[in-house]
Amino acid sequence: MERLQKILAGAGVASRRKCEELILKGKVEVNGETVTTLGTKADPAVDVITVEGKSIGAEKKLYIVFNKPKGVITSASDPQGRKIVTDYLKGVTERLYPVGRLDYDTEGLLLLTNDGDFAHLLTHPKHHVPKTYIAAVKGVPHGTELDKLKKGILLEDGITAPAEVEYQDIDPEGKHSTISITIHEGKNRQVRRMFEAIGHPVTKLKRIAFGELFLGNLKRGLYRHLTKEEIEGLYKQARIAGKQSKPEKRK
């Protein structure tokens, strides 16, 4: 017997959090009975489980890395009719969802999967799987300003964890610069807000790595399947990070 939200996530219905929302909204039935209580257990080998009237079943697990272009929504749908990431997954019939998000104006590495446990592990705050970005910013931040990012900087939703920051390129006229930054959290629009906080807004942002997985030469708008070794490597890194993490003290 397993918790219902875990069964749904493992079957590729959605992330575990979204599955919890489906249960609370009365969208899930077990043996014909609507279930709205989180923590309800079931046996997928015996019980008939449906989501919005559709039976769930064991689904082949897929793990994809996608080079998201700027101007694409990290979502399953968009009421405004803008392009969404799944528009680019030609030949993929399974229902996939993103591991974390990239905002509309950010491009680069995005993981997609139908493995709820995998997604949950990589996005859970206690695991702090690092994510690396290349940011083009206005002006050239002084070393002391970058030190603020390295130590953690106060945003409206709290102090960020220490980041790893280094110059990549500097315009001789000082009008712009390119900086590599690795963060260990997933706050909304975090990198952009960090640079805004030191007075150097981002003009272009690209994620190039998620943990030890790098985007490499994957072309914009294309995807590829992760290798077994890459999947195992991400699992391992998330578990190690989870063991090493300590609760952050907030004032």
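A charge sits over a ring if NZ of Lys or CZ of Arg is within 6 Å of the ring centre and within 35 degrees of the ring normal. In this predicted model, Lys 131 lies over the face of Phe 210, at 5.3 Å from the ring centre. A second such arrangement involves Lys 83, found over the face of Tyr 88 at 5.5 Å from the centre of the ring.

## Aromatic pairs

Tyr 88 also takes part in contacts between rings. The whole structure contains three aromatic pairs. One of them joins Phe 66 and Tyr 88; this pair is tilted, with 5.4 Å from centre to centre and 45° between the planes. Phe 66 belongs to strand S7, whereas Tyr 88 lies in the loop between S7 and strand S8 (97–98), so the pair ties together parts that are 22 residues apart in sequence. Phe 66 is buried, with a relative accessible area of 0%. Tyr 88 counts as partly exposed, because its relative accessibility is 22% and buried means under 20%.

Phe 118 and Tyr 235 form an aromatic pair that is edge-to-face, at 5.2 Å centre to centre and 65° between the planes. Since Phe 118 is part of helix H3 (residues 116–123) and Tyr 235 part of helix H6 (residues 228–244), this pair ties together parts that are 117 residues apart in sequence. Both Phe 118 and Tyr 235 are buried. Ring pairs link these two residues with Tyr 63 into a cluster.

## The nonpolar cores and helix H5

The largest nonpolar core has 29 residues, of which Leu 112, Leu 149, Ile 181, Met 194 and Phe 195 touch the most other members. Several elements each supply at least two residues of this core: strands S7 (63–68), S9 (106–113), S10 (131–138), S14 (176–183) and S15 (202–210), together with helices H4 (143–151) and H5 (190–197). Apart from this core lies another, of 20 residues, among them Tyr 63, Val 99, Leu 218 and Ile 231.

Which residues of H5 are buried? They are Gln 190, Val 191, Arg 192, Arg 193, Met 194 and Phe 195. Six of the eight residues of H5 are therefore buried, and the helix is largely enclosed by the rest of the structure. The cover over these buried residues includes S9, S10, H4, strand S11 (154–155), S14 and S15. Phe 195 illustrates the contacts made from this helix: leaving aside residues up to four places away in sequence, Phe 195 touches Ala 135, Val 137, Leu 146, Leu 149, Ile 179, Ile 181, His 200, Pro 201 and Val 202. After H5 comes Gly 199, whose phi is positive, near 85°.

## Leu 8 and the four-stranded sheet

Leu 8 is placed in helix H1 (residues 4–10). This residue is buried, with a relative accessible area of 0%. Not counting residues up to four places away in sequence, the contacts of Leu 8 are Val 13, Ala 14, Cys 19, Ile 23, Val 28, Ile 49, Val 51 and Ile 56. Leu 8 and Ile 49 are 41 residues apart along the chain, and their C-alpha atoms are separated by 8.7 Å.

Two of the residues touched by Leu 8, Val 28 and Val 51, are also bridge partners, Val 51 being in S5. Strand S2 (residues 28–30) and strand S5 (residues 49–51) pair in the antiparallel sense over three bridges. These strands belong to an open sheet of four strands in the order S3-S2-S5-S6, with antiparallel pairing. Strand S3 (33–35) and strand S6 (54–55) are the edge strands, each pairing on one side only.

## Salt bridges

A search of the whole structure finds 12 salt bridges. The table presents examples.

| Acidic residue | Basic residue | N to O distance |
|---|---|---|
| Glu 2 | Lys 6 | 3.9 Å |
| Glu 21 | Lys 18 | 3.9 Å |
| Glu 173 | Lys 175 | 3.4 Å |

Glu 2 is partly exposed, with a relative accessible area of 34%, and Lys 6 is partly exposed at 33%. Glu 21 and Lys 18 are three residues apart in helix H2 (residues 16–24), so about one helical turn separates them. Glu 21 is partly exposed, with a relative accessible area of 31%; Lys 18 is also partly exposed, at 48%. By contrast, both Glu 173 and Lys 175 are exposed. Salt bridges that share partners also join Asp 103, Arg 189 and Arg 192 into one network.

How values were computed. Residues numbered from 1 in each chain as written. Predicted model: local features only at pLDDT ≥ 70, side-chain atom pairs only at ≥ 80, totals over all residues. Heavy atoms only, no water. Buried < 20%, exposed > 50% of the residue type's maximum accessible area, 1.4 Å probe, protein only. Contact = heavy atoms within 4.5 Å. Core = buried A, V, L, I, M, F, W, Y, C linked by side-chain atoms within 4.5 Å. Pairing = 2+ DSSP bridges. Salt bridge = Lys/Arg side-chain N within 4 Å of Asp/Glu carboxyl O. Phe/Tyr/Trp six-rings, centres within 6.5 Å; stacked < 30°, edge-to-face > 60°.
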